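Visitor: I'm new here, and I keep hearing terms thrown around. Could you show me the structure and tell me how each label is earned?

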Amino acid sequence: MSMKRRVFLKGSLAAGALAGVGLLMPQAVLAAWPKAAFDATSVDDALKGTYGMTDAADSSDINIKAPDIAENGAVVPVTVESSIAGAESITIMSASNNNPMAASFNLGKGTAAYVATRVKMAKTSDIVAVVKAGGKLYKAAKNVKVTIGGCGG
Amino acid sequence: MANTIKARAKVSGDECLVKALITHPMETGQRKDSKTGEKIPAHFIQEVNCEHNGANVLNALWGPAISKNPYLSFKFKGAKKGDSLKISWVDNKGESDSLETKIG
């Protein structure tokens, strides 16, 4: 991005009130970011926005590692691992957040179905992990109790 | 912005385990400034890409629900000790950073 465009963008973004997430995104850079999924307020809508489908079969081949009780909802460590063959993508959601969608990971050909990160949870909720493999969706959930909510709202 | 990414990549058997820590506020846009009472604008990483030998091994799409100073770990095959791994991110304001690190 040229300096002029950067400065312009910075200026235009800084000016005025940013009324919400995603209103003033530089479209050219972020064509691939699934806004509909991140703005969705339900797990199904988040899946629709990410994968274009909502049908996900429950799977015992998805392992979600997350604390049973998270002391700090702002930083909840989540690891998702799956043994489903041909996994191409893993999506993590915190079902009871206003916007459940936390992240989606598109895996390269030799990349394992294993991702670890830390998410914000507004309150006690299911962490839902969805794996896309062979054109189908599979899901699993793990309930995490949150004592102090992490979205700052 | 520079040097916001710290990463370690280690090969064990045929798999390379990558652990990265990125410095970034990951503001949701919901938090209120305690002094002014106004909402702090959303400022979060939207995309993280990891490349090895010119191939994209991980494309992560993030939202504001990823914690501040995000942690990321993943594994992929086909890397050798001494290879280079590139990790880069772009946020909703168009800011970005990247890091090239040696696989150990």
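Guide: Let's start with a yardstick: a residue is buried if 20 or more other C-beta atoms (placed from the backbone) lie within 10 Å of its own, exposed if 12 or fewer, and partly exposed in between. Also, this is a predicted model, where local features need pLDDT of at least 70, side-chain atom pairs count only at pLDDT 80 or more, and totals for chains, interfaces and linings use all residues. Residues are numbered from 1 along each chain as its sequence is written, while chains are lettered from A and ligands numbered from 1 in the order in which they are written.

Visitor: Why is Asn53(B) called exposed?

Guide: Asn53(B) has 12 C-beta neighbours inside 10 Å, and exposed means 12 or fewer, so the label fits.

Visitor: Where does Asn53(B) sit?

Guide: Asn53(B) is in the loop between β3 (45–52) and β4 (55–62) of chain B. Those strands are DSSP runs of E at least two residues long, helices are runs of H or I of at least four, and both are numbered from the N terminus.

Visitor: What makes β3(B) and β4(B) a pair?

Guide: Two strands pair if DSSP finds at least two bridges between them. β3(B) and β4(B) have 6 bridges, in the antiparallel sense, so they pass. Cys50(B), for one, stands opposite Leu58(B) in β4(B). Their hairpin has 2 residues between the strands, and Asn53(B) takes a positive phi there, near 50 degrees.

Visitor: Which other strand does β3(B) pair with?

Guide: β3(B) is also joined to β6 (residues 84–91) of chain B, by 7 bridges and again antiparallel. There, His52(B) has Leu85(B) as its bridge partner.

Visitor: What about Asn69(B): why is it called partly exposed?

Guide: Asn69(B) has 14 other C-beta atoms within 10 Å, which falls between the two cut-offs, so it is partly exposed. Asn69(B) is in the loop between β4 and β5 (71–77) of chain B, and has a positive phi of about 50 degrees although it is not a glycine.

Visitor: And is Asp33(B) buried or exposed?

Guide: Exposed: Asp33(B) has 9 other C-beta atoms within 10 Å. Asp33(B) lies in the loop between β2 and β3 of chain B. Leaving out residues up to four places away in sequence, Asp33(B) touches Glu38(B) and Ile40(B); two residues are in contact if their C-beta atoms, placed from the backbone, lie within 7 Å. Asp33(B) and His52(B) are 19 residues apart in sequence and 41 Å apart in space, C-alpha to C-alpha.

Visitor: How do you know that the buried residues of α3(A) are on the same side?

Guide: The buried residues of α3 (residues 43–51) of chain A are Val43(A), Ala46(A), Leu47(A), Thr50(A) and Tyr51(A). They cover an arc of only 100 degrees around the axis, which puts them on the same side of α3(A). That arc is taken from the directions from the helix axis to the C-beta atoms. An α-helix has 3.6 residues a turn, so residues three or four places apart point the same way.

Visitor: What covers those buried residues of α3(A)?

Guide: Their cover includes α2 (35–39), β1 (56–58), β5 (87–94), β6 (101–107), β8 (125–133) and β9 (136–146) of chain A. After α3(A) comes Gly52(A), with a positive phi near 75 degrees.

Visitor: Which strands make up the open sheet of 6 strands?

Guide: The order is β2(A)-β4(A)-β7(A)-β5(B)-β2(B)-β1(B), with antiparallel pairing.

Visitor: What makes β2 of chain A and β1 of chain B edge strands?

Guide: Each of them, β2 (62–65) of chain A and β1 (5–12) of chain B, pairs on one side only. For β1(B), the partner is β2 (residues 15–22) of chain B, joined antiparallel by 8 bridges. Within that pair, Arg8(B) is bridged to Lys19(B).

Visitor: How much of chain A is buried?

Guide: Of its 153 residues, 38% count as buried. Chain A has 3 helices and 9 strands.

Visitor: How confident is the predictor about chain A?

Guide: The score is pLDDT, the predictor's confidence in each residue, from 0 to 100. Chain A averages 86, and 78% of the residues score at least 70. Over residues 15–30 of chain A, pLDDT stays under 50.
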